[in-house]
Amino acid sequence: MRHLISPLDLSIEELEHILCLGQEIMESPEKFSHICEGKKLATLFYEPSTRTRLSFEAAMLNLGGKVLGFSSADSSSAAKGESVADTIRVISSYADICAMRHPKEGAPTVAAMYSEIPVINAGDGGHNHPTQTLTDLLTIKTLMGRLDNMTIGMCGDLKFGRTVHSLINAMVRYPNIRFVLISPQELKIPDYLRREVLDQKNIEYIETDQLEQNMPKLDILYMTRVQRERFFNEEDYIRLKDSFILDTNKMKYAKKDMFVLHPLPRVNEIATEVDNDPRAVYFKQAKYGVYVRMALIMSLLGLDKAKQ
Ligand code: NCD
């Protein structure tokens with residue numbers, strides 16, 4: 001049985017397989033509409049979500065399966081003090097696969113230890129968000145035709161942004177990837193990522209607090225929200241929340257074929273005027289999230305070989 005807890009749980013070949021399957025689904029979704037008939041996906045969301053939970057549900061429904069679950073800790077027995085280990089033991093007999101989001105780093109790892117069904121980490125605290133990474137990779141691969149040889153700017157909350165952490169982990173496995181890490185001093189990437197991933201693998205990167213002057217060198221700009229819920233005090237959040245705002249003026253400095261991605265939700269960090277720029281692909285990216293989750297569910301259930 002396979003789980004997806006970190007983006008590194010998938011080998012490059014497995015990842016390639018899921019992305020290709022995602023592209024196949026994108027081209028002819030109807031071919032896949034019965035593959036999960038009789039299967040159930042449980043969504044165990046202890047933390048708010050719009051896209052991740054609903055795209056998982058849409059993915060399973062598109063595959064002909066069914067969904068069940070809860071969308072907040074308050075509406076589950078967690079409110080009564082039940083442990084993740086006990087919850088997953090029970091859910092294992094209600095569903096065939098589950099997606100879990102939890103505010104505590106490591107919760108999905110614990111769930112996987114006690115689970116009899118595949119567990120997908122749908123975001124654990126400030127740690128990882130592997131299915132957002134699959135979404136990001138499918139977006140980059142589809143729009144740029146490659147996952148290597150590029151300069152990726154990551155901007156915003158690089159400290160708490162789990163999507164950033166997972167994407168860095170995933171991208172360093174491809175040749176000739178450079179990072180421009182743009183954040184306020186207080187929201188730089190965690191030390192372990194700098195030491196154990198970037199430095200150890202000799203990846204080229206700079207850390208800066210300048211967005212505009214770095215724009216011209218970027219092939220991808222990955223914008224992120226400042227993560228209010230992970231701050232210890234409101235004052236720091238208010239001081240830092242609008243550190244970077246991408247607007248049409250800053251877009252003038254970008255390459256003509258650069259793409260702007262954002263895992264969403266957006267707060268203020270991208271002015272709505274940028275939405276009309278053809279290089280702004282974050283809504284398309286959210287749509288790709290459904291295809292790639294369809295491919296992932298099929299793979300983890302072992303149904304990817306039996307399609308059509
Ligand atoms: C992200 C998350 O939950 O980490 N959202 C998402 O899943 N698309 C990013 C965020 O909340 O800012």
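The following is a dialogue on the domains, cavities, pocket and cores of a predicted model.

Mentor: Local features of this predicted model need pLDDT of at least 70, side-chain atom pairs count only at pLDDT 80 or more, and totals for chains, interfaces and linings use all residues. Residues are numbered from 1 along each chain as its sequence is written, and side-chain values use heavy atoms, with hydrogens and water left out.

Trainee: What makes 7–128 + 289–300 a domain?

Mentor: The bounds come from an automatic or database domain assignment, which gives domain 1 (7–128 + 289–300) and domain 2 (130–286). Their C-alpha centres lie 24 Å apart. The contact (heavy atoms within 4.5 Å) takes 32 residues from domain 1 and 26 residues from domain 2.

Trainee: Why is the space of about 80 Å³ called a cavity?

Mentor: On a 1 Å grid over the protein atoms alone, a cavity is a set of points where a 1.4 Å probe fits but cannot get out; a pocket is an open set with protein on both sides within 12 Å along at least five of seven lines; lining residues have an atom within 4 Å of a point. The search of the whole structure finds two cavities of 30 Å³ or more, and the largest has about 80 Å³ of space. Its lining includes Arg51, Gln132, His262 and Arg293.

Trainee: How do you know where the largest cavity lies relative to the domains?

Mentor: Domain 1 and domain 2 both give residues to its lining, so the largest cavity lies between them.

Trainee: What is the volume of the largest pocket, and which residues are closest to its centre?

Mentor: The volume, the space filled by probe spheres set on the points, is about 370 Å³. Of the 21 lining residues, the closest to the centre are Arg101, Arg162, Arg225, Leu264 and Pro265. The largest pocket also lies between domain 1 and domain 2, because both give residues to its lining.

Trainee: What makes a set of residues a nonpolar core?

Mentor: Its members are buried (under 20% relative accessible area, 1.4 Å probe, protein chains only) Ala, Val, Leu, Ile, Met, Phe, Trp, Tyr and Cys residues joined through side-chain atoms within 4.5 Å. The largest such core has 62 residues, of which Met154, Ile168, Phe179 and Ile297 touch the most other members. Helix H10 (residues 282–300) gives the most to this core, with 10 residues; helices here are DSSP runs (H or I, at least four residues), numbered from the N terminus.

Trainee: Which residues are in the second, separate core?

Mentor: That core of 19 residues includes Met215, Met258, Ile270 and Ala280.

How values were computed:
Buried means under 20% relative accessible area, exposed over 50%, partly exposed in between (1.4 Å probe, protein chains only). Helices (H or I, at least four residues) and strands (E, at least two) are DSSP runs, numbered from the N terminus.
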